[in-house]
Amino acid sequence: MKVASTMRIIFAGGGTAGHINPALAVAEYVKEARPDAQMLYVGAVGGMEERLVKQAGLDFSGIKISGFSRKLNLAGLKKNIITLKRVVTASLESKKIIEQFRPDICVGTGGYVSGPILRKAAQMGVPIIIHEQNAFPGITTKMLAHKAECVMLAVGEARKFFDKRCKIAVTGNPIRKEIAQMTQQEARAKLKLDNRPVVLSFGGSLGARKINEAVVDLIADTARTDKLQHIHAFGQYGQWFLPELEKKGVKISAHPNLDIREYISNMPTCLAAADLVICRAGAITLSEIQAQGKASILIPSPNVAENHQYHNAMALVNNHAASILEERDLTGEMLIKKVNELLAHPETMREFQQNAKKMAIYDANQRIYSIIEKIVG
């Protein structure tokens, strides 16, 4: 009887949690399916991925790499000169890592850090596959797609951006188990919420100024009647949020229906409890909204590469699964109007919820692992 050899996988991706968490989710699934698998995560030295990967208990190797600046000034030029030098050294570092680890396959999840390791792996005859989380593919994905054994997409709408010769599979985005498993009833009981509608809003861990400014007005409006329950995270740079509410005459202590905090550490519970979500249009956030079947008002960040959050949002909007409010149009008055319109039309809310759930892919980890296993053989 032939004994299967140990599977050896390099994961590469970084810069943002949206690139890192999918790799960690797949690595966790691989570990369950193949406990003997050897895995190494390659990321930027000092990047967010170094901390998150080590916390997840995965081996980490760092390369010195940085992204190009889009600013046409002296500082931008200097940064780009440094980046060009690092592209060369990162290639040499990647070669050394690949020679030492001897992977069967390299899995890229995006961000500029994945470029050198995937490019070098392909040159050295190691199969590479790429996972693209967004509806509009990133530069690294598009540059390396023709070298990949498979490009795995979160949404089918992204297919049109690739050459027909590229091998494409729609796998969805890997999401946390607890996101899909938590029910609204369980979540509301945990949070001690009643039967009034629940609005959940957030703009990311740092906080989005424009979203916070609009939500201040929304919460002040809610406080007049307390007809809603509202959970809001104002983020690291939103420390002005509570004092601003006080200026508008809202004392949080007098409104137990308002849960205002800096950061949401129990997102699976808060998301499950919500009827309506107001947030950015990051790929993983939208996959979680779909998994939970939530109605949403999406406010894409205009400050991201190639405006990809707009494309992410439109994938839901075009499927009648969400409403979009672009940041240039965002005011407190407009947000209040949108929220009130949706809550006054439960049939629209139900349509959004049902269509979001139809878009969800719950077995993304399994689909990605199946592709890895097929290629490794």
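**Exercise 1. Cysteines**

How many disulfides does a search of the whole structure find? Work it out, then look at C150 and C270.

*Solution.* A quick word on the ground rules. This is a predicted model, where local features need pLDDT of at least 70, side-chain atom pairs count only at pLDDT 80 or more, and totals for chains, interfaces and linings use all residues. Residues are numbered from 1 along each chain as its sequence is written, and side-chain values use heavy atoms, with hydrogens and water left out.

Step 1: The search of the whole structure turns up 0 disulfides, a disulfide being a pair of cysteine sulfur atoms within 2.5 Å.

Step 2: Take C150. The closest cysteine sulfur to its own is in C166, 10 Å away, and that is too far for a bond.

Step 3: Now C270. This residue is in no disulfide either, with the nearest cysteine sulfur, in C279, 13 Å away.

Step 4: Check the surroundings. C150 is buried at a relative accessible area of 8%, and C270 counts as buried at 0%. (Buried means under 20% relative accessible area, exposed over 50%, partly exposed in between, with a 1.4 Å probe and protein chains only.)

**Exercise 2. The open sheet**

Find the order of the 7 strands in the open sheet, and say which strands stand at the edges.

*Solution.* Step 1: Helices (H or I, at least four residues) and strands (E, at least two) are DSSP runs, numbered from the N terminus. Two strands pair if DSSP finds at least two bridges between them.

Step 2: Read off the order: β3-β2-β1-β4-β5-β6-β7, with parallel pairing.

Step 3: The edges are β3 (59–63) and β7 (168–170); each has a single partner strand, so one side of each is left without a neighbour in the sheet.

Step 4: From one strand to the next, the twist averages 25°.

Step 5: Zoom in on one pair. β2 (residues 38–44) and β3 are joined in the parallel sense by 5 bridges, and L40 sits opposite D59 in β3.

**Exercise 3. A crossover**

Trace the chain from β9 to β10 and give the handedness of the crossover.

*Solution.* Step 1: β9 (residues 229–233) and β10 (residues 258–261) run parallel, joined by 4 bridges. H232 faces I260 in β10.

Step 2: Between these strands the chain passes through helix α9 (residues 241–247), and this β-α-β crossover is right-handed. That label applies if, with the strands pointing away from the viewer, the path from the first strand over the helix to the second runs clockwise.

**Exercise 4. Helix pairs**

Describe how α1 packs with α2, and α11 with α12.

*Solution.* Step 1: Axes are lines fitted to C-alpha atoms, for helices over the stretch in contact, and angles run from 0 to 180 degrees between N-to-C directions.

Step 2: α1 (residues 17–33) meets α2 (residues 48–55) at about 25°, with the axes 10 Å apart. α1 and α2 are therefore roughly parallel. (Angles under 35 degrees count as roughly parallel, over 145 as roughly antiparallel, 65 to 115 as roughly perpendicular and the rest as oblique.)

Step 3: For α11 (residues 283–292) and α12 (residues 308–317), the axes come within 10 Å and cross at roughly 20°. α11 and α12 are therefore roughly parallel too.

Step 4: The crossing of α1 and α2 is right-handed, and so is that of α11 and α12. (A crossing is left-handed if the near helix is turned anticlockwise from the far one by less than a right angle, and right-handed if clockwise.)

Step 5: α11 is mostly covered, with 9 of its 10 residues buried, among them I284, L286 and I289. Just after α11 comes G293, with a positive phi of about 65°.
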